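The exercises below ask you to work from a sequence and a set of atomic positions towards a description of pairing, burial and packing. Please look at the structure before reading each solution.

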Amino acid sequence: MGGKTDRLSGILAGVDDLRARHGSNPLERPARVEVSRVVAALASFNDCVRYLNTRRSGGALLALEDEAAVQDAIYLMLRPWLTDLVPENPTDRIANRYSIKDFVSQANRLVIEAKYVRDAGHGKSIVKELNDDIETYRYHPSCEDLIFFIYDPDGLIPDSAALERHLTSSRAYGDKILRCHAVIKP
């Protein structure tokens, strides 16, 4: 009888260990999604918005006139796959200011930062804003991948291809690697 009790105790100890490491129900944990799939989904942003704005039903249209509207569309697109996607979450205070992450997925260890290019001056200066974001997120413990989605409806970024190349790279900060990705639309 002692053998059965020892085996049962071992099994229960294993279950307790799993619960301690993964929560009470490991099936409830959000699934990991490859970053390349998230970037590919964001690359289809215009197609999704076009469909919603030209569908047969008389539903609401997406008027992408500011950053908040772009964030709403991104959230609707990605939430079914990134089930732990959390909007507007303040990061730690750095250099006397807070930064607001547009979206974070803890399970995927990624942050999505959405930008809306509002005028020609912003189009020319957005690279500084993006570089500041990179410097902020390099310290965030849950950010291994930083995805920039930049909506430039009027084509005000002087060289969007060069900006995309500049942003899309891995950066090493000591023993931490921050992988940056960029999608610029339309």
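**Exercise 1. In the hairpin of strand 5 and strand 6, which residue takes a positive phi, and how do the two strands pair?**

Solution. Gly174 has a positive phi near 65° in this hairpin, which has two residues between the strands. The model is a predicted one, in which local features need pLDDT of at least 70 and side-chain atom pairs count only at pLDDT 80 or more, whereas totals for chains, interfaces and linings use all residues. Residues are numbered from 1 along each chain as its sequence is written, and side-chain values use heavy atoms, with hydrogens and water left out.

Next, take the pairing, for which DSSP must find at least two bridges between two strands. Strand 5 (residues 169–173) and strand 6 (residues 176–185) run antiparallel and share five bridges; one residue of strand 6, Arg179, is the bridge partner of Ser170.

**Exercise 2. Place the hairpin in the chain by listing the order of its helices and strands.**

Solution. Begin with the count: the protein chain has six helices and six strands, where helices (H or I, at least four residues) and strands (E, at least two) are DSSP runs numbered from the N terminus. Their order along the sequence is α-α-α-α-β-β-β-α-β-α-β-β.

Then consider how the chain folds back on itself, taking a contact as heavy atoms within 4.5 Å. Of the contacts with a separation of 6 or more, 64% are between residues 24 or more positions apart.

**Exercise 3. Is strand 3 buried or exposed, and which strand pairs with it?**

Solution. Apply the burial classes, in which buried means under 20% relative accessible area, exposed over 50% and partly exposed in between (1.4 Å probe, protein chains only). Across the protein chain, buried residues make up 35% of the 186 residues. In strand 3, seven of the seven residues are buried, so the strand is largely enclosed by the rest of the structure.

Now separate the faces: Leu110, Ile112, Ala114 and Tyr116 lie on one side, Val111, Glu113 and Lys115 on the other, and all of them are buried. Strand 3 pairs with strand 4 in the parallel sense over seven bridges, and Lys115 has Ile150 of strand 4 as its bridge partner.

**Exercise 4. Which residue forms a salt bridge with Lys115, and how do the pairs Asp47–Arg50 and Lys128–Asp132 lie in their helices?**

Solution. The criterion for a salt bridge is a side-chain nitrogen of Lys or Arg within 4 Å of a carboxyl oxygen of Asp or Glu, and the structure holds nine of them. Lys115 meets Glu129 at 2.9 Å, N to O. This pair links distant parts of the chain, since Lys115 belongs to strand 3 (residues 110–116) and Glu129 to helix 5 (residues 120–137), 14 residues apart. Lys115 is buried at 5% relative accessibility, while Glu129, at 24%, is partly exposed.

The second pair, Asp47 and Arg50, meets at 3.0 Å, N to O. These two residues are three apart in helix 3 (residues 45–54), and therefore about one helical turn separates them. Asp47 is partly exposed at 46% relative accessibility, as is Arg50 at 49%.

In the third pair, the closest N and O atoms of Lys128 and Asp132 are 3.1 Å apart. Both residues lie in helix 5, four residues apart, about one turn of the helix. Lys128 is exposed at 55%, and Asp132 is partly exposed at 30%. Elsewhere, salt bridges that share partners join Arg109, Glu144, Asp145 and Arg179 into one network.

**Exercise 5. Which residues of the largest nonpolar core touch the most other members, and which element gives the largest share?**

Solution. A nonpolar core is a set of buried Ala, Val, Leu, Ile, Met, Phe, Trp, Tyr and Cys residues joined through side-chain atoms within 4.5 Å. The largest has 25 residues, and Val38, Phe45, Val70, Ile74, Leu78 and Ile112 touch the most other members. Helix 2 (35–43), helix 3, helix 4 (67–78), strand 3 and strand 4 (145–151) each give two or more residues to this core, and the largest share, six residues, comes from helix 4.

To follow one member outward, note that Leu78 touches Val38, Ala41, Leu42, Leu85 and Ile112, leaving aside residues up to four places away in sequence. Another core, of 19 residues, lies apart from the largest one and includes Tyr137, Leu146, Tyr173 and Ala182.
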